Amino acid sequence: MFAVPTHTRLLCVLLLGSVLLAGCRDDGAMLTVRSEATLDEDVVAVPAVAEEALRVGFDRRLDLATDVRQVASLFAAVEEDSSLRFVTVPAAAGDATAARVCAGEVDVGVAGTLAYLQAREGCGATMLVRGVETDGTSTYRAAIITRPGSGIETLEDVAGGRFAFGNPTSTQGHLIPREMLREVGVEPERLAATVHASSHSDAAEMVRSGVVDAAAVQDRLAADLAARGLVDIVAYSRPHPTSGVIIGPAVPASTRAQLRAALLRLEPSELSGALHEWQRSEAPGGFVVADDADYDQLRASAAAVGLLELP
Amino acid sequence: MRYEVFRTLVPRRLTSRLTLGLVAIVVLAAIVTSVAVYELIGRSLRAELARSGEALASATAANLVGPLLEQDELGVRAALDELLRAQEDIAYAFAVGPDGQVVHTFGAGFPADLLSLVGTADGLHRTPLVFDGGRVQHVTVAPVRTLPLEVHVGVDESRILAAQRSAALFLAVLTTVGCAAAGLVTVLFTRFTVDPLRRLTEHVRSLGPGRLDHRLLGTGTEETDELAGALDTMAEELEAASRHRELTEQGYRELLRAGSAVGEAVALIADDGPEEGRFVYVNERFAAMAGRVATDLVGRNAGTVLSASSLDAVRGSWRRLRSDPAHVETTEITLVPPGGTPRSLETASAVINYQGSRVLAWFARDVTERIEREQEVRRQNRELAALHAVASVITEPLSPDAFLQRGLDAAVQALDARAACVVLTDAATPRLAASQGLYCDPTREGGFPSCACGRAALDGESTASEPLALPCRGRTESGRTEGPGSAHTTVPLRAGDSILGALSVAPGSRQPVDDDEFRLLAAIGQQLAIGLQRARLWEQLREQEQLRFELYRRAIRAQEEERQRIARELHDSTGQSLNALVLGLNTAAIALESAPDEVDGIVERLRTAASETVHELQSIIYDLRPSLLDDLGLVPAVRWFVAERLSPSEVAVSVEVDDTSPRLPSEVETALFRMTQEAVTNIARHADAGHAEVRMEFEPRHTTLTITDDGVGFEPDRITRRNGDGSRLGLLGLRERASLLGGQVTIHSARGHGTRIVIQVPSEPVS
């Protein structure tokens with residue numbers, strides 16, 4: 001053996017120990033993925049949905065992404081404040097929320113008054129809460145607008161012209177304007193042409209672009225456009241109870257009570273960062289308790305114009 | 001033992017140790033730094049990559065929400081492909097829509113292993129994984145809560161690992177070069193540092209005993225120069241200390257000589273080393289006190305010249321001086337010269353250095369005479385205290401036994417004695433009168449008074465005896481010697497010419513008493529005797545006072561009884577007779593008119609009744625005071641009473657009195673008559689005598705009445721001690737009456753030998 005001084009041996013031991021310590025790493029617990037082991041088709045299970053989660057559907061009012069984010073943020077806030085869990089089920093174009101609720105596709109619907117009346121009539125769905133406007137009221141109106149200088153000044157003047165309603169399931173865009181026109185004797189057959197816009201914005205745009213002579217839109221949108229001189233407001237409807245959140249008949253009463261309580265506790269002013277574009281929603285000021293009797297007037301109107309049946 | 005391994009591993013020379021230590025420090029520092037830098041770079045790059053991956057995934061997910069909801073597969077795929085093209089670190093990306101459709105960037109199909117990561121995200125989640133052998137940070141984003149929609153991005157770490165390896169290689173090379181350079185510098189530095197120390201060591205070796213004046217002259221600013229300067233300073237201080245020590249020892253020697261010159265006894269005793277406890281120096285004065293010569297004492301253990309009682313004091317003093325060398329102790333010790341008288345020394349002790357060693361120094365002065373004077377004063381004080389204690393008891397009104405016990409207690413306490421007793425021998429039978437811890441039983445054979453102590457006490461000669469246990473084996477005062485064990489001393493209780501008893505005392509020290517203590521005991525014995533006499537007188541006086549009180553009480557009661565008797569007799573006889581006379585006179589008055597013939601008879605009966613009434617009245621008056629005494633004088637009255645009182649008892653009586661005797665003052669005659677009544681009544685009642693004689697002799701200055709009988713007699717002492725006895729009170733009444741006239745009564749009587757009472761009173765009553 002070589003004669004190595006003891007202190008040299010000590011130095012070597014220190015060096016070796018340091019190197020070994022520095023090289024110690026552990027990759028053994030990590031997931032290993034092999035690219036060659038593939039699926040037969042590119043369809044996987046729907047990402048995790050809790051079994052007890054309530055499925056949420058909604059009326060499409062704005063663009064789909066905004067509608068989804070708005071509704072999803074609302075129920076994410078409810079999840080934070082309760083033990084309930086939700087999954088948002090996007091609606092395809094043309095899907096009616098009332099029909100989805102009655103068909104059991106969704107448990108909860110964020111829908112307009114007409115959709116509620118139809119679901120109530122169709123399967124006994126319940127309106128849990130209805131929205132509160134920014135001014136603190138829980139009513140809303142529809143407005144009939146026209147292009148500035150069109151010569152239409154009253155509702156009667158609309159007769160004979162081209163008219164744009166909103167979505168057939170829309171309360172402000174269809175049901176209430178039908179009631180307004182019917183009250184002054186302007187039935188659809190007295191109009192030169194009618195068209196259903198996909199949203200209030202589309203209806204207003206049709207008026208501005210001259211596609212139609214008048215259109216029915218949300219009262220706040222009408223006021224905003226009129227304030228900028230883009231349209232003239234022909235008439236406002238009487239106030240009607242706002243729409244809100246409906247729930248299907250299969251949901252247990254205790255779950256309904258929990259959800260109603262959580263929605264009533266919700267304060268949008270305190271959740272401004274969490275609720276997505278909530279000022280554009282039907283309940284910018286939160287929710288109040290809804291009573292089915294509040295909607296008797298509109299129920300009668302819907303019946304009169306044949307809109308109570310499920311689409 | 002724990003450090004033995006290190007001792008074998010570590011080189012022995014300081015230079016090698018320093019070199020090895022510095023090289024080890026440099027190498028370890030380099031390794032630790034390299035590893036730390038390697039890890040920090042890796043972590044920093046990995047964190048940066050993760051952040052960028054998360055940002056890319058979040059942005060991509062936000063952009064894909066709409067296309068995924070709209071099920072725009074082409075739009076989604078285009079966005080994902082663009083992400084891969086734009087970001088070279090992105091290994092793969094895929095998105096899962098609400099319907100479970102996957103849009104991905106894998107060319108060969110979606111890897112099944114990634115399915116486990118789908119549906120696990122709630123917001124943003126990052127998972128490290130190994131993808132085809134390379135490390136990947138897998139980022140999962142769920143852009144909308146409650147919406148089943150996910151975007152997954154795989155961020156490749158290969159670029160980070162490559163950069164990390166490059167850095168590690170660079171650090172390894174740098175560390176190796178650095179270590180080599182550091183080793184070289186260390187060797188040079190060590191030699192540069194140690195060389196001055198080596199030179200300094202050589203210089204220091206040149207210092208030593210007798211060469212303290214050698215200087216290194218370190219005046220530079222380097223540490224070695226400062227060390228050299230410090231060593232120079234130390235050498236100077238050592239040299240100064242050495243000189244100071246020599247001067248100090250010289251001073252001590254002069255101090256010792258000066259102490260000897262003024263008569264101080266000086267002794268030095270070694271405080272440590274093999275000579276510890278032995279004298280290393282004594283002056284002539286000390287040697288003379290110890291009864292030796294100085295040369296004999298040096299080297300001798302100090303304890304051999306000390307008394308046994310001084311050894312403990314010296315040891316305690318020495319112990320305190322060792323714990324506090326600056327302290328000076330003052331101790332009193334006793335030297336025991338061979339064949340001489342012990343000498344007491346007042347010694348001041350201190351620990352000093354003498355000829356390089358620590359010694360205990362004694363500076364002593366002979367205080368033997370002073371101590372003896374102090375002992376004498378203490379003894380005298382003790383004597384005075386003892387005498388005072390006994391004298392204070394004398395003044396108290398106590399019974400004789402109580403006085404003896406109290407006096408004995410006080411004497412024992414004042415003398416600090418162990419035990420004592422007093423035996424009285426002036427009565428017919430010696431008795432133990434008082435004791436404390438010493439049982440002197442005079443009834444025991446061989447005890448008092450038949451033992452030597454008792455005989456000596458009865459003879460008036462004090463003894464000292466030993467041992468304490470009876471029978472006493474004491475010796476007379478002239479032959480008294482010390483004896484082993486306990487001893488007691490006996491002194492007589494002498495009052496004037498009479499010896500009342502003996503006092504025995506066992507001293508507290510168990511040593512025989514000396515002459516002074518013996519004289520003290522004798523004085524105490526004399527005081528006790530005087531006190532005993534006084535206590536006896538006091539007791540007699542108290543008894544007389546008690547009897548006088550009883551007599552007064554009985555006189556008052558007799559007076560009341562006499563009054564009651566007179567009243568009763570006046571009522572029962574004289575009163576009734578006078579009432580009968582009144583009734584008779586009324587009858588006579590009536591008869592004068594109604595029956596004049598019967599008046600004479602009635603008057604005659606009334607006369608007879610009146611005569612009887614007068615007679616009754618005279619009897620009452622005579623009982624109160626015989627008229628003979630007033631009318632005819634003492635002698636006829638005595639003759640009449642003696643005959644009247646003793647005749648019914650059939651006692652032959654003779655009265656020898658000169659009938660021509662002169663009349664005495666009334667109170668004297670009355671007293672003598674009443675005393676005669678008392679004595680004669682006692683004979684009639686108690687004496688059971690056959691003959692009695694009453695003699696009365698008249699002399700110019702006094703009159704003597706002697707009444708003698710041949711009856712049963714009695715013990716005068718017992719009679720006078722009995723309480724509540726009528727005869728006792730009667731005899732005491734005699735004495736009282738006699739004492740009121742300035743006379744006295746003497747009673748001679750014994751059982752079966754009759755009684756003779758002699759009453760002598762002045763012919764004229766004292767004023």
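The axes of α9(B) and helix α12 (residues 515–594) of chain B come within 9 Å and cross at roughly 10°, which makes α9(B) roughly parallel to α12(B). Angles under 35 degrees count as roughly parallel, over 145 as roughly antiparallel, 65 to 115 as roughly perpendicular and the rest as oblique; axes are lines fitted to C-alpha atoms, for helices over the stretch in contact, and angles run from 0 to 180 degrees between N-to-C directions. The model is predicted, so local features need pLDDT of at least 70 and side-chain atom pairs count only at pLDDT 80 or more, while totals for chains, interfaces and linings use all residues. Residues are numbered from 1 along each chain as its sequence is written, chains are lettered from A and ligands numbered from 1 in the order in which they are written, and side-chain values use heavy atoms, with hydrogens and water left out.

Helices (H or I, at least four residues) and strands (E, at least two) are DSSP runs, numbered from the N terminus. In the pair just described, α9(B) contributes B:Arg379, B:Arg382, B:Glu383, B:Ala386, B:Leu387, B:Val390, B:Ala391 and B:Ile394. These meet residues of α12(B), among them B:Asp516, B:Glu517, B:Leu520, B:Ile524 and B:Arg534, where contact means heavy atoms within 4.5 Å. By class, this contact of α9(B) with α12(B) has nine nonpolar, two polar and six charged residues. Ala, Val, Leu, Ile, Met, Phe, Trp, Tyr, Cys and Pro count as nonpolar, Asp, Glu, Lys and Arg as charged, and the others, Gly among them, as polar.

Helix α9 (residues 368–394) of chain B also lies across β8, β9 and β10 of chain B, running at about 135° to β9(B). These strands belong to an open sheet of five strands in chain B, with the order β7-β6-β10-β9-β8 and antiparallel pairing. Its edge strands, β7 (279–282) and β8 of chain B, each pair on one side only. From one strand to the next, the twist averages 30°. Two strands pair if DSSP finds at least two bridges between them; β8(B) and β9(B) pair in the antiparallel sense over seven bridges, and B:Thr334 has B:Ser344 in β9(B) as its bridge partner. Helix α5 (residues 223–261) of chain B packs on this sheet as well, touching β6 (265–270), β7, β9 and β10 of chain B, and its direction makes about 165° with that of β9(B).

The same region of chain B leads to the cavities. Rolling a probe the size of a water molecule over the atoms shows where empty space is left. On a 1 Å grid over the protein atoms alone, a cavity is a set of points where a 1.4 Å probe fits but cannot get out, and lining residues have an atom within 4 Å of a point. Grid points are joined across faces, edges and corners, and a volume is the space filled by probe spheres set on the points. The whole structure holds three cavities of 30 Å³ or more, and the largest cavity encloses about 50 Å³. Its lining includes B:Val314, B:Trp318, B:Thr331, B:Ser349 and B:Trp362. Two or more lining residues come from each of α8 (308–323), β8 (329–335), β9 (343–354) and β10 (357–366) of chain B, and α8(B) gives the largest share, four residues. The lining has six nonpolar, four polar and no charged residues.

A further sheet draws on both chains. Six strands form this open sheet in the order β1(A)-β3(B)-β4(B)-β5(B)-β1(B)-β2(B), with mixed pairing. At the edges stand β1 (31–33) of chain A and β2 (102–104) of chain B, each with a single partner strand, so one side of each is left without a neighbour in the sheet. β1(A) pairs with strand β3 (residues 124–131) of chain B in the parallel sense over three bridges, and A:Leu31 stands opposite B:Leu129 in β3(B). Helix α3 (residues 73–86) of chain B packs on the sheet, touching β1 (90–96), β2 and β5 (150–156) of chain B, at about 160° to the direction of β1(B).

Chain A has helix pairs of its own. Helix α4 (residues 113–123) and helix α9 (residues 296–304) of chain A pack at an angle of about 80°, with their axes 10 Å apart; α4(A) and α9(A) are therefore roughly perpendicular to each other.

How values were computed:
1 Å grid on protein atoms, 1.4 Å probe; cavity = no way out; pocket = protein on both sides within 12 Å on 5 of 7 lines; lining within 4 Å.
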